[in-house]
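Visitor: I am new to reading protein models and would like a close look at a single part of this one. Please take your time over the answer.

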Amino acid sequence: MIRKNFLFKVAICYDFDGTLAYGNMQEYDFMSNLKIEASEFWNKSDTLAAEQKADSNLAYMWTMLEEAKKFGTTREDFLACGKNIRMFKGVDTWFERINKYAAKLGIEVEHYLLSSGLQEIVEGMPIYSNFRKVYANRFMYDANGVAFWPAQVVNYTTKTQYLFRISKGCLDESDKTVNDRTSPENRAIPFANMLYVGDGLTDVPCMATLKKFGGYAAAVYTPRKKGNKMLANKLLEDGRVDIIAPADYSDGSRMDKFVKSMLNKLKAEYELKNV
């Protein structure tokens with residue numbers, strides 16, 4: 001339900017690794033605690049996935065549980081691994097700043113995270129409270145609070161289902177009404193009022209989905225990371241995104257200007273329709 005003091009809602013959906021933060025979330029405190037190099041961990045995970053013809057997300061979750069047995073795999077252990085992740089410049093003030101700008105236009109912005117990382121680590125991050133909903137991999141826990149099996153797996157293609165959930169307002173993963181036919185005007189947030197921000201090829205399905213239905217997509221790249229800007233340029237050339245920008249979310253950055261311009265455009269379109 002849109003509050004009376006807002007004209008309409010906009011949803012900004014984000015990938016995480018390489019989009020809001022440097023590297024992969026598992027490569028910070030989790031691997032530091034294990035005293036294992038990232039290359040060694042991912043090699044074990046990738047080898048397992050190849051040998052068993054398994055989903056890469058399931059393989060890395062199994063590898064996390066196996067490697068972390070001696071240190072603990074409770075929910076609290078994973079939450080603690082989210083405290084020290086290095087975010088890109090400006091992320092810490094981004095959400096409040098964009099919300100305030102949008103509110104002046106009469107727009108309510110909701111932020112969503114769609115990640116193949118681990119939800120429990122995300123919940124331990126300082127930025128977690130800014131998201132209306134997080135869709136990410138997560139574990140089941142036994143009576144002693146120890147992780148023992150995946151509860152949810154989010155890979156690059158299944159991410160698209162969450163765009164439909166957000167658009168239709170069916171945020172709970174168990175809500176089957178997401179499959180009901182809903183016209184754009186009756187949706188909580190039409191695709192045309194949604195933006196997806198990602199950094200690579202695994203984000204293409206979400207980017208393509210929003211672009212197909214009149215929404216927006218942006219690709220960010222890590223400056224000085226080999227091949228990163230080239231990949232972003234390819235996404236732009238292929239029509240997957242509306243803009244590419246350095247992964248800098250500070251006030252006055254390219255991403256900051258783009259999102260504010262998008263909000264201005266949506267406000268102008270709303271006013272034209274309601275003259």
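Which residues do ring pairs link into a cluster?

Guide: The model in front of you is predicted, and that should be kept in mind throughout. Ring pairs link Phe30, Phe41, Trp42, Tyr60, Phe78 and Phe139 into a cluster. To place that cluster in its setting, it helps to know that the protein chain has ten helices and seven strands, and that the count of aromatic pairs comes to 14.

One of the aromatic pairs can be followed in detail: tyrosine 135 and tyrosine 162 have ring centres 4.2 Å apart and planes at 20 degrees, and because planes under 30 degrees apart count as stacked, this pair is a stacked one. The two partners come from distant parts of the chain, since tyrosine 135 belongs to strand 3 (residues 133–141) while tyrosine 162 belongs to helix 7 (residues 159–168), 27 residues apart. Tyrosine 135 is buried, its relative accessible area being 0%, and tyrosine 162, with a relative accessibility of 4%, counts as buried too.

Another pair is formed by phenylalanine 191 and phenylalanine 213, whose ring centres lie 5.3 Å apart with planes at 25 degrees, so that this pair is stacked as well. Here the partners sit in loops: phenylalanine 191 in the loop between helix 7 and strand 5 (194–198), and phenylalanine 213 in the loop between helix 8 (204–212) and strand 6 (216–221), so the pair ties together parts that are 22 residues apart in sequence. Phenylalanine 191 is buried, with a relative accessible area of 7%, whereas phenylalanine 213, at 41% relative accessibility, counts as partly exposed.

Some residues outside these pairs help to fill in the picture. Glutamine 119, which is found in helix 6 (residues 119–123), is buried with a relative accessible area of 11%, and, when residues up to four places away in sequence are not counted, glutamine 119 touches Val134, Ala136, Asn137 and Arg138. Leucine 236, in helix 9 (residues 228–237), is partly exposed with a relative accessible area of 35%. Leaving aside neighbours within four places in sequence, leucine 236 is in contact with Val241, Asp242, Ile243 and Ile244, and the C-alpha atoms of leucine 236 and alanine 218, which are 18 residues apart in sequence, lie 8.7 Å apart in space. Lysine 35, by contrast, lies in the loop between helix 1 (29–34) and helix 2 (38–52) and is exposed, because its relative accessible area of 75% is over the 50% cut-off.

Stepping back to the protein chain as a whole, its radius of gyration is 19 Å, which agrees with the value near 19 Å that a compact globule of 275 residues would have. Along its principal axes the C-alpha trace spans about 65 × 45 × 35 Å, and buried residues make up 51% of the 275 residues. Among contacts between residues at least 6 apart in sequence, 62% join residues at least 24 apart.

Methods. Residues numbered from 1 in each chain as written. Predicted model: local features only at pLDDT ≥ 70, side-chain atom pairs only at ≥ 80, totals over all residues. Heavy atoms only, no water. Helix = DSSP H or I, 4+ residues; strand = E, 2+ residues; numbered from the N terminus. Buried < 20%, exposed > 50% of the residue type's maximum accessible area, 1.4 Å probe, protein only. Rg over C-alpha atoms; globule rule 2.2 N^0.38 Å. Contact = heavy atoms within 4.5 Å. Phe/Tyr/Trp six-rings, centres within 6.5 Å; stacked < 30°, edge-to-face > 60°.
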